[in-house]
Amino acid sequence: MSVVISPSILNCDFGHFADELARISTADYVHVDVMDNHFVPNLALGLPLVEAAVHASPVPVDAHLMIEDPDRWAPVYAEAGCASVTFHAEAASAPLRLAREIRAQVGLALRPATGVEPYVDILGEFDMILVMTVEPGFGGQSFIESMMPKVSRTRKAIRDAGLDVWVQVDGGVSRSTIEKAAQAGANNFVAGSAVYRAEDAAAEVEALRQLAAPHVH
Ligand code: DX5
Ligand code: ZN
């Protein structure tokens with residue numbers, strides 16, 4: 001399984017959007033957080049900015065939809081050119097049907113209090129499971145280490161089913177936390193402030209990749 005590094009642009013300098021995207025050319029995806037001020041207490045990025053990212057980014061777009069009505073909107077983000085679209089389990093009324101409607105890679109996101117167990121029988125419908133390592137809504141929060149058992153259970157359920165599904169972690173991922181997440185079974189790492197606060201964002205992506213690699217099999 002490969003190591004995938006997906007910097008989040010949530011706290012980038014939007015006054016220089018194209019330049020900020022160009023800084024992460026060593027990444028595998030750019031992670032774009034969409035928030036509707038209902039599912040999470042914050043409003044950030046909508047379809048026009050996601051479309052701008054699709055056109056300006058040197059790497060494919062990984063959209064993370066923190067919105068209340070993904071059944072309505074998730075397919076639209078795929079049509080807009082996102083390579084990957086992740087919606088939240090807590091918000092989708094019919095996650096299996098929605099997964100089949102999205103014409104892109106599909107991810108299922110779990111808030112910290114949401115277990116993976118109810119979704120074990122439909123893991124094969126997804127390309128990725130996102131285990132949130134913060135309560136979604138804001139960048140710059142601390143990594144919740146108590147999510148590591150859920151990362152491990154998710155990876156085990158995927159292996160037991162003989163599937164090839166990525167496990168993504170998002171929130172507080174940095175040089176000091178990425179190895180724990182990789183050891184637990186994650187292979188896809190979203191890092192917002194760790195990458196965008198670095199002097200050399202592209203080098204930071206590579207540093208994170210090197211730390212995770214020995215633990216990802
Ligand atoms: C939080 C978002 C994250 C956020 C990560 O709700 O989903 O993608 O931007 O930022 P850091 O890495 O700073 O925690
Ligand atoms: Zn995110």
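Is Val116 buried or exposed? In this predicted model, Val116 is buried, having a relative accessible area of 2%, and the close-up views below begin with this residue before turning to other parts of the structure.

**View 1. Val116 and its surroundings in the loop between β6 and β7.** Although Val116 belongs to a loop, the one between β6 and β7, its relative accessible area of 2% places it among buried residues because the limit for that class is under 20%. Leaving aside residues up to four places away in sequence, Val116 touches Leu110, Leu123, Lys150, Arg153 and Thr154. The C-alpha atom of Val116 is separated by 21 Å from that of His217, a residue 101 places apart from it along the chain.

**View 2. The open sheet and its edges.** Nine strands form an open sheet with mixed pairing, and their order across the sheet is β1-β9-β8-β7-β6-β5-β4-β2-β3. The edges are taken by β1 (4-7) and β3 (43-44), each of which has a single partner strand, so that one side of each is left without a neighbour in the sheet. At the β1 edge, 4 bridges join β1 to strand β9 (residues 188-191), and these two strands run parallel; within this pairing, Pro7 has Ala191 of β9 as its bridge partner.

**View 3. Strand β6 between its two parallel neighbours, β5 and β7.** Strand β6 (residues 105-110) has 5 of its 6 residues buried, so this strand is largely enclosed by the rest of the structure. On one side, β6 is joined by 5 bridges to strand β5 (residues 84-88), which runs parallel to it, and here Phe87 has Leu108 of β6 as its bridge partner. To pass from β5 to β6 the chain goes through helix α4 (residues 95-101), and the resulting β-α-β crossover is right-handed. Strand β7 (residues 128-132) also runs parallel to β6 and is joined to it by 4 bridges, with Val131 of β7 serving as the bridge partner of Leu110, a residue that also appears among the contacts of Val116.

**View 4. The zinc ion (ligand 2) and its protein donors.** Four residues of the protein supply donors to the zinc ion (ligand 2), namely His31 through NE2, Asp33 through OD, His64 through ND1 and Asp170 through OD, and they lie 2.1 to 2.3 Å from the ion. Around this ion (ligand 2) there are 6 donor atoms, which subtend angles of 72 to 172°, and the arrangement is therefore octahedral. For comparison, the ideal angles for six octahedral donors are 90 or 180 degrees. Along the sequence, the donor residues of the zinc ion (ligand 2) follow the spacing H-x1-D-x30-H-x105-D. Distant parts of the chain are linked by the pair formed by His64 in strand β4 (residues 61-66) and Asp170 in strand β8 (residues 166-170), which are 106 residues apart. His64 is buried, with a relative accessible area of 1%, and Asp170 is likewise buried, with a value of 8%.

**View 5. Helix α3 and what covers it.** Because 7 of the 10 residues of helix α3 (residues 70-79) are buried, this helix is largely enclosed by the rest of the structure. The buried residues are Pro70, Asp71, Ala74, Pro75, Val76, Tyr77 and Ala78, and the elements that cover them include β2 (30-36), α2 (47-56), β4, β5 and α4. Just after α3, Gly81 adopts a positive phi of about 110°.

**View 6. Ile9 in the largest nonpolar core.** The largest nonpolar core contains 65 residues, and of these Ile9 and Phe189 touch the most other members. Not counting residues up to four places away in sequence, the contacts of Ile9 are Phe14, Phe17, Leu21, Val30, His31, Val32, Leu45 and Tyr196, of which His31 is also a donor to the zinc ion (ligand 2). A second core, separate from this one, has 7 residues, among them Leu10, Met35, Val40 and Ala91.

**View 7. Positive phi at Asn37 and Leu45.** Most residues other than glycine have a negative phi. Asn37, in the loop between β2 and β3, has a positive phi near 70°, and its relative accessibility of 44% makes it partly exposed. Leu45, placed in the loop between β3 and α2, has a positive phi near 55°, but this residue counts as buried, at 15% relative accessibility.

Note on methods
Residues numbered from 1 in each chain as written. Chains lettered and ligands numbered in written order. Predicted model: local features only at pLDDT ≥ 70, side-chain atom pairs only at ≥ 80, totals over all residues. Heavy atoms only, no water. Buried < 20%, exposed > 50% of the residue type's maximum accessible area, 1.4 Å probe, protein only. Pairing = 2+ DSSP bridges. Right-handed = clockwise from strand over helix to strand, strands pointing away. Donors = N, O, S within 2.8 Å, 3.2 Å for Na, K, Ca; no water. Tetrahedral: all angles 85-135°; square planar, octahedral: opposite > 155°, others 65-115°. Core = buried A, V, L, I, M, F, W, Y, C linked by side-chain atoms within 4.5 Å. Contact = heavy atoms within 4.5 Å.
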